[in-house]
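Here is a structure to read by its definitions. Each question asks what a label rests on.

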Amino acid sequence: MRMPSRRRGTRTPTQADRGIVSAADWRRSRVRLAMRILQGTTLLFLLIVGLGPLLWMVKSSITPTQDTLRMPMALWPHGFDLGQLATAWSRTHIDRYLLNTVWIAAGSWLVQIVVATTAGYALSVLKPRFHRILSGLVLATLFVPALVLLVPLYLTVVDLPIVHVRMIDTFWAVWLPAGASAFNVVVIKRFFDNLPREIFDAARVDGAGPFQLFWRIVLPMSRPIIGVVSVFAVIATWKDYLWPLLVLRKPDLQPLSVRLPTLQPTTDLGVFIAALTISSLIPIVLFLLFQRLFLRGPGLSGAIKG
Amino acid sequence: MSSYADGDVMHKVSSRRWPRVRARFSRDGLGSLAFLLPLLVIFGIFSWFPIVRALVMSLQETNLVSEPTFVGVENFARVLADPLFATAVRNTAYFSFLALLIGFPIPIVLAVIMSEARRGKGLMSGLAYLPVVVPPVVSVLLWKQVFFNASPNGLFNTILGWIGLGPLPWLQNATSAMPSIVIEATWAGAGATVIIYLAALLTVPPELYDAAEVDGASIRQKIWHVTLPQLRGVLFVTLILQLIATAQLFTEPFLFTGGGPANSTMSLLLLIYHYAFQNSLGGEYGMAAALSIMLAAFLGIFTAGYFWLTRSWSTSS
């Protein structure tokens, strides 16, 4: 991670733009033509493959089912049927399941932020005894594949050890395990590690205790990283399927992702595709709003760089 | 992130004042404990305890009704003797192979072309990433109901019909079901890898291209002798990460085919699910835990061996 920044300092502006194809290459008309064709094809390919299926889904949610079934590639041979969106929203109760998804995402987000910020603060700033061992134990869970946890975690939620509480069919069963995300703790701790210690010392000299330091200084300074973790947390909860399927058995409590497969056999295809469109709306809007976080996301996990 | 170096310096400067502050805070142990509490409770109950429990459970006969009893390695033996286990291993390996065969090179090619674009780089990376943000359930159901529809009027079959091919059975047939799943999984996942490569391409020192040009290298030679060797470290990591991810295939076969037709898409994770949750009277939790641990151990040993074997290639860059 240090490499590019050092280079940015020494590079002259003219060099900054260069990639594999040099300025001299670009001046050759044959290269220019070839590059233009190659990039045009790539753009077309990405439009068809990346955007195409989604556009098709939106289109089919507002055109009659018969057209979708008989002529999937025709644009709108028999006009539109906007009623499908309304039917999906009200009669198949997408509204209620969407609200469940929102609740589950909100609670999971809160638990994740509370655990990650307090843990990051304790391990990075307060550094109690054993903080190294604790950091190691958190880091170690990153290397345990999620699948190992599936069955024992399920049994834990069925019968919480010591207190013997059954969390099945409550949102707690999704909210609380979501907090055990080592990725969040590691990312936030690394951010706290890089905050200037002078400010902490100054605050302590002024008589700030650990709580005031956390609430008044560390949290306000870490808005950017909390934003990043939040967006990823919400999208991840939105995409989650297997875990809510296991722990939320009552249809009234299930999020959209869990309900959709069960709705499919009894729902008219057009209405069903309208429901799919509604389900993907919020993650896509979040993505468009926070594009930068996603497209520069890998920079956060420096581990990727080999 | 240039603040790294600065942070280190600051840390050293401030550490002289640190002991005084440390002493203050160790007296204030209650504060530290209060901030550690969420971590200890949540990770303790929902991460550390279940990991240990998985190990213990794999040696036990467990159901939710009677007390668990230790049965040694019997769960492991029963899994290994299950004919479905061999099928699941074969299918998962087949999926990993196909998914890497098309899913590993495509992002590299896309990222190299995209990084050379003078305009529209943001648009192209946005388009590439779009399928990644669509909830997996939505994309799987959309592909299942319409794109992979096996009738001549299915979307893919309509397109194939234009060029006089098909109709293909897609998910309905034991030989074409797994390749169909691979196509959807690649579509859903490739964008994330493209973004990683785009970031990695920015770190290739431009001096290397300059030097290659002085030596008279063509564009193709620059890609082959500069770009790809410089990406080596990233490529090694993404390859193993993709492999680990493909070994945990679940949502796609679960929703597309339920493991069929004729168990041709029964993956290892799907088998774990079947052991634990298929039987409503109480699952074979011990067998599920045993299979989970075998798969995790295999992936761990495989990863360690992989890094050990490739250590000389990936670090020399």
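Q: How do the axes of helix 17 of chain A and helix 8 of chain B cross, and within what distance do they come?
A: This is a predicted model, in which local features need pLDDT of at least 70 and side-chain atom pairs count only at pLDDT 80 or more, while totals for chains, interfaces and linings use all residues. Residues are numbered from 1 along each chain as its sequence is written, with chains lettered from A and ligands numbered from 1 in the order in which they are written. The axes of helix 17 of chain A and helix 8 (residues 136-147) of chain B come within 10 Å and cross at roughly 155°. Axes are lines fitted to C-alpha atoms, for helices over the stretch in contact, and angles run from 0 to 180 degrees between N-to-C directions.

Q: Why are helix 17 of chain A and helix 8 of chain B called roughly antiparallel?
A: The crossing angle is roughly 155°. Angles under 35 degrees count as roughly parallel, over 145 as roughly antiparallel, 65 to 115 as roughly perpendicular and the rest as oblique. The two helices are therefore roughly antiparallel to each other. Their crossing is left-handed.

Q: Which residues meet between helix 17 of chain A and helix 8 of chain B?
A: A:Leu269, A:Leu276, A:Ser279 and A:Ser280 meet B:Val138, B:Leu141, B:Leu142 and B:Gln145. Contact here requires C-beta atoms, placed from the backbone, within 7 Å. By class, these residues are 5 nonpolar, 3 polar and no charged. Ala, Val, Leu, Ile, Met, Phe, Trp, Tyr, Cys and Pro count as nonpolar, Asp, Glu, Lys and Arg as charged, and the others, Gly among them, as polar.

Q: What makes helix 14 of chain A roughly antiparallel to helix 17 of chain A?
A: The axes of helix 14 (residues 223-239) of chain A and helix 17 (residues 269-289) of chain A cross at roughly 160° and come within 10 Å. That angle makes the pair roughly antiparallel. Helix 14 of chain A passes helix 17 of chain A in a left-handed crossing. A:Val231, A:Val234, A:Ile235 and A:Trp238 meet A:Ile282, A:Pro283 and A:Leu286. This contact has 7 nonpolar, no polar and no charged residues.

Q: Why is helix 7 of chain A called oblique to helix 11 of chain A?
A: The axes of helix 7 (residues 94-126) of chain A and helix 11 (residues 182-193) of chain A cross at roughly 45° and come within 8 Å. That makes helix 7 of chain A oblique to helix 11 of chain A. The crossing is right-handed. Among the contact residues are A:Ala116 and A:Gly120 of helix 7 of chain A, and A:Ile188 and A:Phe192 of helix 11 of chain A. The contact divides into 8 nonpolar, 5 polar and 2 charged residues.

Q: How many residues of chain A are in contact with chain B?
A: In chain A, 95 residues are in contact with 98 residues of chain B. Helix 4 (residues 29-61) of chain A gives the largest share of the chain A side, 13 residues. That side has 61 nonpolar, 22 polar and 12 charged residues.

Q: Where in chain A is the mean pLDDT lowest, and where highest?
A: Helix 1 (residues 2-10) of chain A has the lowest mean, 40, and helix 10 (residues 172-178) of chain A the highest, 94. pLDDT is the predictor's confidence in each residue, from 0 to 100. The mean for chain A is 83, with 91% of its residues at 70 or more.

How values were computed. Helix = DSSP H or I, 4+ residues; strand = E, 2+ residues; numbered from the N terminus. Left-handed = near helix turned anticlockwise from the far one by under 90°. Contact = placed C-beta atoms within 7 Å.
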